[in-house]
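Here are a few exercises to work through with the structure open beside you. Try each task before reading its solution.

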Amino acid sequence: MNKHLRLSIAVAALGGILALAGCANDQETPEASPSAEHGGHGGDHDGMDHPADGGPVPDGMVDATDPTYPVGSEVTLTANHMPGMDGATATIVGAYDTYTYSVDYTPEEGSPVLDHKWVVQEEIEDAGDQRLADGTEVVLLADHMEGMSGVTATIASSTDETVYVVDYEADGMTMTNHKWVVESEIEPTS
């Protein structure tokens, strides 16, 4: 009985330690210097509550008329938004013409997130159809990450490159309908 009790306590303690370790990185945290090579992402998504399926695109998205990478194309990602993404093979599942923004925001509960890539025009409340200027404060409708939807954000930068939705596998996770990757973060698969 004494051995059994000690073993039970040790297992419970180990379980508690593992649970706490898993919670320690449950929020995006800003990095001191985002990667300039890949456009940077102020906080990586490691440990983030990011769904494996990104779901449908927002209403009002306009399909790209002549994308460099049509739907069904196999490509190599050069983005580093998520662990294992840079260099991963991906399949294009959607290509759209819109304005795409990098934003700074603070989730409902958590640390500030700098240079979050990407949010599209259709994921910004009352964005209209004109490109928004850097520094503009907006309300996010995007729900890529927990605590993102409904918060105020500041536009850090923007692009009018074709933006893509991709399926890919990295670090043992299969991501479907991952939003978003811009054209400069993709290259042909060799």
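**Exercise 1: Aspartate 104**

Aspartate 104 is partly exposed in this predicted model, with a relative accessible area of 27%.

Task: explain why aspartate 104 counts as partly exposed, then describe its surroundings.

Solution:
- Start with the class: under 20% would be buried and over 50% exposed, so a value of 27% makes aspartate 104 partly exposed.
- Next, place the residue: aspartate 104 is found in strand E4.
- Then list its contacts beyond four places in sequence, which include Val113, Leu114 and Asp115, as well as Ala153, Thr154 and Ala156.
- Take leucine 114 from that list: it is 10 residues from aspartate 104 in sequence, and the C-alpha atoms are 4.4 Å apart.
- Finally, look at aspartate 115, whose backbone nitrogen lies 2.7 Å from a polar side-chain atom of aspartate 104.

**Exercise 2: The sheet around E4**

Task: in what order do the 4 strands of the open sheet run?

Solution:
- Trace the strands across the sheet: the order is E5-E4-E7-E6, with antiparallel pairing.
- Find the edges: E5 (113-120) and E6 (137-139) each pair on one side only.
- Check the twist: neighbouring strands are turned by 45 degrees on average, direction ignored.
- Zoom in on E4 (residues 100-105) and E7 (residues 152-159), joined by 6 bridges; here tyrosine 101 stands opposite serine 158.

**Exercise 3: The partners of E2**

Task: which strands pair with E2 (residues 74-77)?

Solution:
- One partner is E3 (residues 89-97), antiparallel over 3 bridges, where valine 75 stands opposite alanine 90.
- Another is E10 (residues 186-188), also antiparallel over 3 bridges; there leucine 77 has isoleucine 186 as its bridge partner.

Conventions. Residues are numbered from 1 along each chain as its sequence is written. This is a predicted model: local features need pLDDT of at least 70, side-chain atom pairs count only at pLDDT 80 or more; totals for chains, interfaces and linings use all residues. Side-chain values use heavy atoms; hydrogens and water are left out. Two strands pair if DSSP finds at least two bridges between them. Helices (H or I, at least four residues) and strands (E, at least two) are DSSP runs, numbered from the N terminus. Axes are lines fitted to C-alpha atoms, for helices over the stretch in contact, and angles run from 0 to 180 degrees between N-to-C directions. Buried means under 20% relative accessible area, exposed over 50%, partly exposed in between (1.4 Å probe, protein chains only). Contact means heavy atoms within 4.5 Å. A polar contact is a pair of N or O atoms within 3.5 Å; within protein, one must be able to donate a hydrogen and the other to accept it, and residues adjacent in sequence count only if both atoms are side-chain atoms.
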